[in-house]
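The exercises below ask you to read a protein model step by step, with a worked solution after each task. Please look at the sequence and the structure before you turn to the solutions.

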Amino acid sequence: MTTEKRASDDLKEILVRNLRTTSGRTPEYASKIDWYQALALTVRERVYGSMDYVMGRLREPDGRLVAYLSAEFLLGPHLRNHILNLDLRGPVESAMAELGLNLEEVLNQEEEPGLGNGGLGRLAACYLDSLATLGIPAKGYGIRYEFGIFDQVIRDGAQVEVTDKWLKRGNPWEIPHPDIVFTVGFGGSTESFLGEGGRLRSRWVPNWVVNGVAYDTPMTGYHSPSAALLRLWKAEAVESFDFAAYNSGDYFRAVQEKIASENISKVLYPNDDGIGGKRLRLEQQYFFVSCTLQDLIRVNLALKNPLTQFHKKFAIQLNDTHPSIAVAELMRLLVDVHGMEWEEAWTITRESFHYTNHTLLPEALEKWSVELFGSLLPRHLEIVYEINRRFLDQVRRDRPGDDDLIRRVSLIDEGGQRYVRMAHLAAVGSRAINGVAQLHTDLLKQDVLRDFHSLYPHKIVNITNGVTPRRFMASANPGLARLITEAIGDRWILYSEEELPKLAAFARDAAFQKKWREVKRDNKKRLSVLIEERTDWAVDPESLFDVQVKRIHEYKRQHLSVLHIIRRYLDLKEHPTVKPVPRTFVFGGKAAPGYFMAKLMIRFINAVAGVVNRDPAARGIYRVVFFPDFNVKNGEYIYPAAELSEQISTAGKEASGTGNMKFTLNGALTIGTLDGANVEIREAVGAENFFLFGKTVPEVQSLWRVGYDPRRCYESDPRLSEVLDLVSSGHFSPGDRGLFRPLVDSLLYHDPYLLLADFPSYIDVQGTVDHTYRNESRWTEMSILNVAGAGRFSSDRSVRDYAREIWKIPLPNRKSE
């Protein structure tokens, strides 16, 4: 009996046993869901075998844990990824086949945890994958939202938000730890008292408290003995049932504390237009941060490590501003709870934290009104004031007489209503700050955090984002993975930056190109089937797949793509004898429930799709679809099938982007601006293999300085005016001529993201795309060279950079593999 056959038989035996013990059913009566649960538990047994590695490394004298704090973790389905990482595909497939089951059908039963909204949460998940793969001890910390990011349904062309009940069938991957519980307070007041040695101390007396209960999910590394741990906190009432109230007949009050407490971890990103939503959002952020820091202190003391050495045992990474309240909370825990002096506590705090900034948009840099902050976290407001006082005193000493600088860098915004600036708190309280693409980092230094850069010239560094090639190539695109492995071996899965460039030698090989195109065609066919299932529109897999899937936002400029489609449609109607390159335009992404213009953009896409797709003149030439409920699971179908990646945000607005990297790794060519990581992607793949358009950051800044008039663009370009006039006429909104008036008026009279300024360049370069696509050999060569140049955008490279430049953690050696 072969080793693989023995492994398959062992798996089958365990699988059937788990089926019986979890569902109580025999194989002949089991559903696909039952088989999924049984297979998940079978694989989980092997997953948890990797967890001892982390604590073993941490117990070493120089062992250090990365604690990655993030409000989002967009994980994607677990089972397929674990099977790849644990090298179980062969045995699992054989065992399932012997049981008469289709592995793919079983894998598709998994519900995706909707614990993130987009790139921020997906980046966190990629980094956990890489931390585990590289063998760096790590824990991710966040919130176990009962309901994640909403499921998106399209009705009459509009987005409808449906509750994401991702836990309705349970979650076989997590293990609850009711013994790991921390109490978190809110509201109340502070008291002063004399502590040891007669020193004046402060004590926080909260109005109400909740418990945070730990739920652990392991994240395996690729062929690695290590696993990272994702610890999510669930909010629970300290007393879930008031028996006295129940006995007195007050049934609502009997469970009121349970309801109020559990609201904190109920839903990802509550609508914060009103004060209630803002309050809940701040409660969420403080809740998971406090639980996390209490947990890290618990682990530190369990290791018998002096609290004064806390910063040498833990490197805490703040993923954007959401967890930045951690700076004040660690100070509270060290000073108020553990009796440390301020100066020592501040040194430990600043050496523990590292802050990743993810935005250049001022409105995305969180700030909380002093009134709200103080009512919810009164002790923390006092601590913020003290941090600010000491910080500004130092600034005055370093820059005497510069009162304007004091105003700009203060942790408190004093202009009108007073606010706590959370990005400033993170910047002051962290040892290092990093941007997520070189352009983004440069703009942080020049603009958003310019004053902090002048005060701390070496504090802001660049760590360009990355994505895991395991999930987004090896797992999502097995055909391409096999072809690459046949050509250069399989080390690219672990060493993408070193190995993928070897593909360049095959870029002009006719036989290799043919196989490359066959893989892409198969992926397009697979996506075509799914598109028809989800949208009722049939698409042609022989057409050029032009894709833009990402969060819907004006600065990402999905509506620029729609204007381009309308221009093509008009050209087709005006010149019916000219046969353009057939294209399928695929859009996808969610709009924030309260973001009117983004939701209108979704209606705009679907309205144009309805007109174009039903017009006989466009049949066989153009098809426009909006793929609903875009998430990681759906992305694993879309990225491998894409041929043209639309990365068209206004230069200087996107911090980095990671979707651009996923498309490039899967052989799509990019049409894009010099924004975010596009700049580095273009450098890596070669300028001749990238379709560049649009104004650069200096040109954008210059245009605003001299005065930008979008209406002049409209009046001077008949190609543009004809498009906007057609939209204004109600052609795409019969019965409601004014439906898209807010969108057109925004472009004509404001255009904050310069769509009209970039429209001519975009249209011209789209013509170049057509011309290039007609040359099958050249397009394929460019596609191969894109993948060859994409290795540096692996999250493994990003994590190595963090380890070397920010966390100062030695990397285990895997070079022998």
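**Exercise 1.** Determine in which order the 9 strands of the open sheet are arranged, and which strands stand at its edges.

*Solution.* Strands here are DSSP runs of E with at least two residues, helices are runs of H or I with at least four, and both are numbered from the N terminus. Two strands are taken to pair if DSSP finds at least two bridges between them. Applied to this open sheet, the order reads β5-β8-β9-β2-β1-β10-β11-β15-β16, with mixed pairing. At the edges stand β5 (175–186) and β16 (460–462), and because each has a single partner strand, one side of each is left without a neighbour in the sheet. Ignoring direction, neighbouring strands of this sheet are turned against each other by 25° on average. Within the sheet, β8 (residues 208–220) and β9 (residues 227–237) run antiparallel and are joined by 11 bridges; one of the bridge pairs links Val-210 to Ala-237 in β9.

The model is a predicted one, in which local features need pLDDT of at least 70 and side-chain atom pairs count only at pLDDT 80 or more, while totals for chains, interfaces and linings use all residues. Residues are numbered from 1 along each chain as its sequence is written, and side-chain values use heavy atoms, with hydrogens and water left out.

**Exercise 2.** Work out how the 3 strands of the open antiparallel sheet are ordered, and then examine the hairpin of β3 and β4.

*Solution.* The order of the 3 strands is β12-β14-β13. β12 (367–369) and β13 (412–413) are the edge strands, each with a single partner strand, so one side of each has no neighbour in the sheet. Strand β14 (residues 419–421) runs antiparallel to β13 and is joined to it by 2 bridges, with Asp-413 finding its bridge partner in Tyr-419 of β14. Turning to the hairpin, β3 (residues 151–155) and β4 (residues 158–162) run antiparallel and share 5 bridges, and Gln-152 has Glu-161 in β4 as its bridge partner. The hairpin has 2 residues between its strands, and Asp-156 in the turn has a positive phi of about 50°.

**Exercise 3.** Describe at what angle α33 packs with α34, and which residues make the contact.

*Solution.* Axes are lines fitted to C-alpha atoms, for helices over the stretch in contact, and angles run from 0 to 180 degrees between N-to-C directions. Helix α33 (residues 755–774) and helix α34 (residues 776–789) pack at about 105°, with their axes 5 Å apart. That angle makes α33 roughly perpendicular to α34, where angles under 35 degrees count as roughly parallel, over 145 as roughly antiparallel, 65 to 115 as roughly perpendicular and the rest as oblique. Val-769, Thr-772, Tyr-773 and Arg-774 of α33 make the contact with Glu-776, Arg-778, Trp-779 and Met-782 of α34, contact meaning heavy atoms within 4.5 Å. Sorted by class, the residues of this contact are 4 nonpolar, 1 polar and 3 charged; Ala, Val, Leu, Ile, Met, Phe, Trp, Tyr, Cys and Pro count as nonpolar, Asp, Glu, Lys and Arg as charged, and the others, Gly among them, as polar.

**Exercise 4.** Find out whether Asp-717 and Ala-651 are buried or exposed, and which residues they touch.

*Solution.* Buried means under 20% relative accessible area and exposed over 50%, with partly exposed in between (1.4 Å probe, protein chains only). Asp-717 is found in the loop between α30 (710–716) and α31 (718–728), and its relative accessibility of 11% counts as buried. Leaving out residues up to four places away in sequence, Asp-717 touches Phe-759 and Pro-760. Ala-651 is placed in the loop between β20 (644–647) and α27 (659–665), and at 4% relative accessibility Ala-651 also counts as buried. With residues up to four places away in sequence again not counted, Ala-651 touches Thr-673, Leu-674, Asp-675, Lys-695, Thr-696, Val-697 and Val-700.

**Exercise 5.** State how many helices and strands the protein has, and what share of its residues counts as buried.

*Solution.* The secondary structure comes to 35 helices and 22 strands. Of the 817 residues, 60% count as buried.
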